[in-house]
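Here is a short report for a reader meeting this structure for the first time. Look at the fold, then follow the text from one residue outward.

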Amino acid sequence: QIRVYEITGPLFFGAADAIEHIVVKDFTTCLVLRMRSVPAIDASAMRSLRDLAARAKKKHITLIFSHATTADVVMKKDHFIELIGEEHFLPNIVEALGYAENMVADSGHKAAK
């Protein structure tokens, strides 16, 4: 139910296309994007992330970001963090996975009721 993608390198025009090709399975409920090696991000990448967020929302998939500290300034300026929810931005992969696991467990408890 949890799918993890690691993004490395600057997210500029050409690399932003890779975001559009992120695949989620029907059973995916959380998508974790690990961004520890992203030194910079541009407007085209932000558009791609917004598109990904819209696709995820449509499929009821929660987006979780790990290590987005370098991209943090651009994401804040673009109001992306506000769109996704600040609680979905975690400082490292361990915390991001723990958060995702808790979300999956909580959704399982709600479904069982």
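I93 is buried, with a relative accessible area of 14%, which is under the 20% cut-off. The model is a predicted one. I93 sits in helix α5, which covers residues 93-112. Setting aside neighbours within four places in sequence, its contacts are V4, V32, R34, S66 and H67. L52 is elsewhere: I93 and L52 are 41 residues apart in sequence, and their C-alpha atoms are 20 Å apart in space.

## The sheet

Which strands make up the open sheet, and in what order? Four strands form it, in the order β1-β2-β3-β4, and the pairing is parallel. β1 (2-8) and β4 (89-90) stand at the edges. Each of these two has a single partner strand, so one side of each is left without a neighbour in the sheet.

Strands of a sheet pair through backbone hydrogen bonds, either parallel or antiparallel. Here, six bridges join β1 to β2, which run parallel. One pairing brings R3 together with L31, its bridge partner in β2. Five bridges join β2 to β3, and these strands also run parallel. C30 has its bridge partner in β3, namely T62.

Is β2 largely enclosed or largely open? Six of its eight residues are buried, so β2 is largely enclosed by the rest of the structure.

## The nonpolar cores

The largest nonpolar core has 26 residues. L33, M35, L49, F65, M75 and F80 touch the most other members. Several elements feed this core: α1 (13-20), β2 (30-37), α2, β3 and α4 each supply at least two residues. The largest share comes from α2, with six residues.

Apart from this core lies another, of eight residues. Among its members are I93, A96, A100 and V104. The opening residue, I93, thus belongs to this second core.

Back in the largest core, M75 shows how widely one member can reach. Leaving out residues up to four places away in sequence, M75 touches M35, I41, M46, L49, F65, A68, F80, I81 and F89.

## The largest pocket

Rolling a probe the size of a water molecule over the atoms shows where empty space is left. The largest pocket has a volume of about 260 Å³. Its lining is made of R50, A53, A54, A56, K57, I61, T62, L63, L83, I84 and H88. By class, seven of these residues are nonpolar, two are polar and two are charged.

Which elements each supply at least two residues of the lining? They are α2 (43-58), β3 (62-66) and α4 (80-84). α2 gives the most, with five residues. α2 also provides the largest share of the largest nonpolar core.

H88 is one of the lining residues. H88 lies in the loop between α4 and β4. Its relative accessibility is 9%, so H88 counts as buried. Not counting residues up to four places away in sequence, H88 touches T62, L63, I64, F65, Y99 and M103. Of these, T62 and L63 are also in the pocket lining.

## Loop residues

Four loop residues can be set side by side.

| Residue | Loop | Relative accessible area |
|---|---|---|
| G9 | between β1 and α1 | 21%, partly exposed |
| H60 | between α2 and β3 | 69%, exposed |
| H79 | between α3 (72-77) and α4 | 47%, partly exposed |
| H88 | between α4 and β4 | 9%, buried |

Two of these residues have a backbone angle to note. Phi of H60 is near 60°, a positive value in a residue other than glycine. Phi of H79 is near 65°, again positive in a residue other than glycine.

Why does G9 count as partly exposed? Its relative accessibility is 21%, and partly exposed lies between the 20% and 50% cut-offs. G9 touches S37, V38 and P39, not counting residues up to four places away in sequence. G9 and P39 are 30 residues apart in sequence, yet 6.4 Å apart in space, C-alpha to C-alpha.

Conventions. Residues numbered from 1 in each chain as written. Predicted model: local features only at pLDDT ≥ 70, side-chain atom pairs only at ≥ 80, totals over all residues. Heavy atoms only, no water. 1 Å grid on protein atoms, 1.4 Å probe; cavity = no way out; pocket = protein on both sides within 12 Å on 5 of 7 lines; lining within 4 Å. Points joined across faces, edges and corners; volume = space filled by probe spheres on them. Nonpolar A, V, L, I, M, F, W, Y, C, P; charged D, E, K, R; others polar. Core = buried A, V, L, I, M, F, W, Y, C linked by side-chain atoms within 4.5 Å. Buried < 20%, exposed > 50% of the residue type's maximum accessible area, 1.4 Å probe, protein only. Contact = heavy atoms within 4.5 Å. Pairing = 2+ DSSP bridges.
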